Structures are given as C-alpha cells and as structure tokens.
Amino acid sequence: MRAITYESFGSVDVLNARDIPIPVAGPGEVLVRVVASSVTTADWRLRAAAFPGSMWLAGRLMFGIFRPRKPVLGGDFSGVVEAVGNGVTAFAVGDRVFGFSGTGAHAEYLTIKADGAIAPAPDTIELASAAALPFGALSALVFLRDYARVKPGTRVLIIGATGGVGAYAVQIARILGAEVTAVGSASNLELATSLGANRVIDYRVSDPVGDAARYDVIFDTVGAVGFRQARAALASGGLFVPLNFRLGDVVVGLVSRVLGNKRMLTSVSGDNGPDLRVLAEWVDAGKLRPVIDRRYPMDKIADAYLLVEGRHRKGSVLLEIAPEDAGDRKS
Ligand SMILES: NC(=O)c1ccc[n+]([C@@H]2O[C@H](COP(=O)([O-])OP(=O)(O)OC[C@H]3O[C@@H](n4cnc5c(N)ncnc54)[C@H](OP(=O)(O)O)[C@@H]3O)[C@@H](O)[C@H]2O)c1
C-alpha cells in the first residue's frame, strides 16, 4: 500500500511516499481502507519533533528519542472497514467509519483497536469530509464540555477561533449553549460568525482580553495570552484554559485551583469512540459541520504540512487518499 513515511524528525523534506505492506488486523482490531486523512498540528509536531514547552521530553520518550518510533504519520481518518480481527463485534466489513489513530492514517490502510477512537461516520456528509473532524472537534469537545464545563449561558472567549481546533470550538461552544466571542484576524471573522460566534474581535486591531467584557471561560488555542492577562478578562469564578502551556503553567494552574477565585486548567485532550459518536450525531442533526481549508492528494503532502505549520489555516487540511468506492472497483 501507499503510505507517507518518515525516518527522521525534521522539515517536510523528511516525508516520503512509499509502498509498504498492508497491516493485518490482530485480535480486537479493525482494518480500515482509508478514504481520507487530515494533516493536523499534532502530525506536524510529530514530524518535526516540535513538542511544545513541557511536552518536549514526554514527546521524545513517547514518539522516539533519536528517530520516529512509528514510521507512518497521520492521526485523523475516515474510511471503510476492510476486515475485522478475532473478537470484534462492534464493526463489520463495509462499515463507513471515522476516527483518530494517533499515527498510521496517512496511508491506504490502517489498523485500530475496535474499542479505540473509531465510530460510524456521519451519514449526511461525504465520507472524506468526516476525516476533517476528529482531532479538532474531539479536542474542542473535551476541553469545553469536560474541562471547562460549558453550559447554556456560559460566556466563552475563543482565541484562534478559525484554526484547527478553534473552528470546531466555536461550533461546539454554541451547541453547548454558550455565548461565544471569537478572536481571529480580519479575513476570518466572517467565517467565525458563520460558525455561530455571537461577537468577533480582530486581534490585529484590538487586544482580545483588554476590552471591557468579562468571560466565564477563556479558551486559548494559540498561546496568545498568559494567565496574568487572562485573569483581567475573567469574571469571578472564571477559568482560563490554554491548549499550549509550559511546566510552570501546570504548577500555577494547580495553585490557582486551590487558592484562587480565577483559575487556570492545563490538560491534554482525550480521544474515544463515544465522543466520536456525539460528533457524528451533531453532524447528522445539522449542528456541526466540517470546516475544510484545502484538500490535497497524497503526492502534495509537503504542501499540506506547510499550510498547517503556517498556523493560519481555516479549520482542517484534508489529505485525500482514495475514493470511497475504490474498494468496489477493485473487487
Ligand atoms: N493540550 C492538548 O491536548 C492539545 C490538543 C489539541 C491541540 N493542541 C495544541 O493547540 C494548538 C492549536 O492547534 P490548532 O490545530 O488549532 O492550531 P492552528 O490550526 O495552527 O491554529 C491557528 C489559529 O491561530 C490563530 N493565530 C495565529 N497567530 C495568532 C495571534 N498572534 N493571535 C491570535 N490568534 C492567532 C490563527 O488565526 P488567524 O488565521 O485568523 O490569524 C488560527 O485561527 C497547537 O499548538 C496544538 O499543538 C493541544
């Protein structure tokens, strides 16, 4: 099968399209014929070993000290179940699925645990588009619903509102009933409004945390503000949730939660099947939509990564692997 592999950490030059063997579904696993993947900030960080701040050591230990442990990049996928391993009852051959595999998704086939982050794809959108959702929408869901406990009426400020996580955070905050202020550059504010933002701020013109508004939750997907700045814009009892943080922020966050009236929470996202099902239900109910900046074929993988690491993409960057009916055509 064709796969995007890398043998050392580095620039886009380390990416290679190669033919490698199709993986085999072991017990409890599903083999997926991949229709699309997407290139995310997680994929870029794995490729470049660009683990932020406090995550650098953990990242190298997990993903490879001298060279990548897993040769195929790609976390997000959508596709069709090609085979199931022993003991798998939740999925059957031919099922349309989407999910997050961590690595291995920039390839024509991948295997994933059936009880991992895989679920039936939404019925109402083309299968390829479903690969735009997992990384950004799962992160937004877990941070807003579980960590920030956003409820109807919660006043949420989202910094980086049209990026890979932000484009889904705006939609999900609105689904949860929040009143959303979105921060982005001028050319993206219309998109933020179309995603449901009640109010928009151009960060190149106004200080997003400097205006008179007070927020219950500030969700910073960019690393644009620190806790000190965020505190000034938080209402009493408010919570600052940065996606990027240093070790010192973890300590400050812990102290703030014990002693402070305004708190900071640092954490990492989780990925699981039940949350993917929630996303699929929202898509099918017309509440959530994939936001796709550009689509690339596999041989343009370097261009896809360059768009992602430019840090100004609008939503997701899709990698088209094979048409949904490619399997039918082979048989
Ligand atoms: N902790 C976790 O578990 C977790 C989970 C997911 C992601 N992350 C991290 O979260 C970060 C965000 O991921 P992502 O995929 O959303 O990144 P991304 O797609 O690169 O986000 C780019 C966004 O940042 C905005 N931006 C760029 N410079 C800005 C500035 N100076 N001020 C305000 N906004 C600015 C852009 O807005 P404009 O284009 O309008 O300028 C764009 O909306 C990444 O670093 C990722 O590693 C962490």
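Let me begin with S78, which in this predicted model has a relative accessibility of 0% and therefore counts as buried, the cut-off for that word being under 20%. S78 sits in strand β4, which covers residues 76–84, and a polar atom of its side chain lies 2.8 Å from the backbone oxygen of L127. If we leave aside residues up to four places away in sequence, S78 touches R33, V34, V35 and A36, then V97 and F98, and also L127, A128, A130 and A131.

L127 gives me a way across to I292, since the C-alpha atoms of these two residues are separated by 13 Å while lying 165 residues apart along the chain. I292 belongs to strand β14, residues 292–297, and, with a relative accessible area of 27%, I292 is partly exposed. Again leaving out residues up to four places away in sequence, the contacts of I292 are S129, A132, K314, S316 and L318.

Let me turn now to helix α4, residues 134–147. Is this helix enclosed by the rest of the structure or open? Of its 14 residues, 11 are buried, so α4 is largely enclosed by the rest of the structure. The buried ones are P134, F135, G136, A137, L138, S139, A140, L141, V142, F143 and L144. Just after the helix, R149 takes a positive phi of about 50°.

The largest nonpolar core has 55 residues, and those that touch the most other members are L144, I158, Y168, I172 and L279. Which element gives the most to this core? That is α4, with 7 residues. For I172, the contacts beyond four places in sequence include three alanine and leucine neighbours that we have just met as buried residues of α4, namely A137, A140 and L141, and they also include L144, L279, W282 and L288. Apart from this core lies another one, of 34 residues, with V12, V81, V97 and V308 among them, and V97 is also one of the residues that S78 touches.

That leaves the ligand, which has 24 residues around it, of which R45, S185, Y203, S269 and R311 come nearest. By type, the shell divides into 7 nonpolar, 14 polar and 3 charged residues. Helices α1, residues 41–48, and α4 each supply at least two residues of this shell, and α4 gives the most, with 3 residues, so that the helix which gives the most to the largest core also gives the most to the shell. Which atoms of the protein make polar contacts with the ligand? A polar side-chain atom of R45 lies 2.6 Å from a ligand oxygen, an N or O atom in the side chain of N244 is 3.0 Å from an oxygen atom of the ligand, and a backbone N or O atom of S267 lies 3.2 Å from a ligand nitrogen. Taken alone, the ligand exposes 940 Å², and the protein buries 88% of that.

I will finish with T103, which is found in the loop between β5, residues 96–100, and β6, residues 109–113. Is T103 buried or exposed? At 17% relative accessibility, T103 counts as buried, and, beyond four places in sequence, T103 touches L46, K70, V72, G74 and G75.

Notes. Residues are numbered from 1 along each chain as its sequence is written. This is a predicted model: local features need pLDDT of at least 70, side-chain atom pairs count only at pLDDT 80 or more; totals for chains, interfaces and linings use all residues. Side-chain values use heavy atoms; hydrogens and water are left out. A residue is near a molecule or strand if one of its heavy atoms lies within 4 Å of it. A polar contact is a pair of N or O atoms within 3.5 Å; within protein, one must be able to donate a hydrogen and the other to accept it, and residues adjacent in sequence count only if both atoms are side-chain atoms. Accessible areas come from the Shrake-Rupley method with a 1.4 Å probe; for residues, only the protein chains shown count as cover. Ala, Val, Leu, Ile, Met, Phe, Trp, Tyr, Cys and Pro count as nonpolar, Asp, Glu, Lys and Arg as charged, and the others, Gly among them, as polar. Buried means under 20% relative accessible area, exposed over 50%, partly exposed in between (1.4 Å probe, protein chains only). Contact means heavy atoms within 4.5 Å. A nonpolar core is a set of buried Ala, Val, Leu, Ile, Met, Phe, Trp, Tyr and Cys residues joined through side-chain atoms within 4.5 Å.
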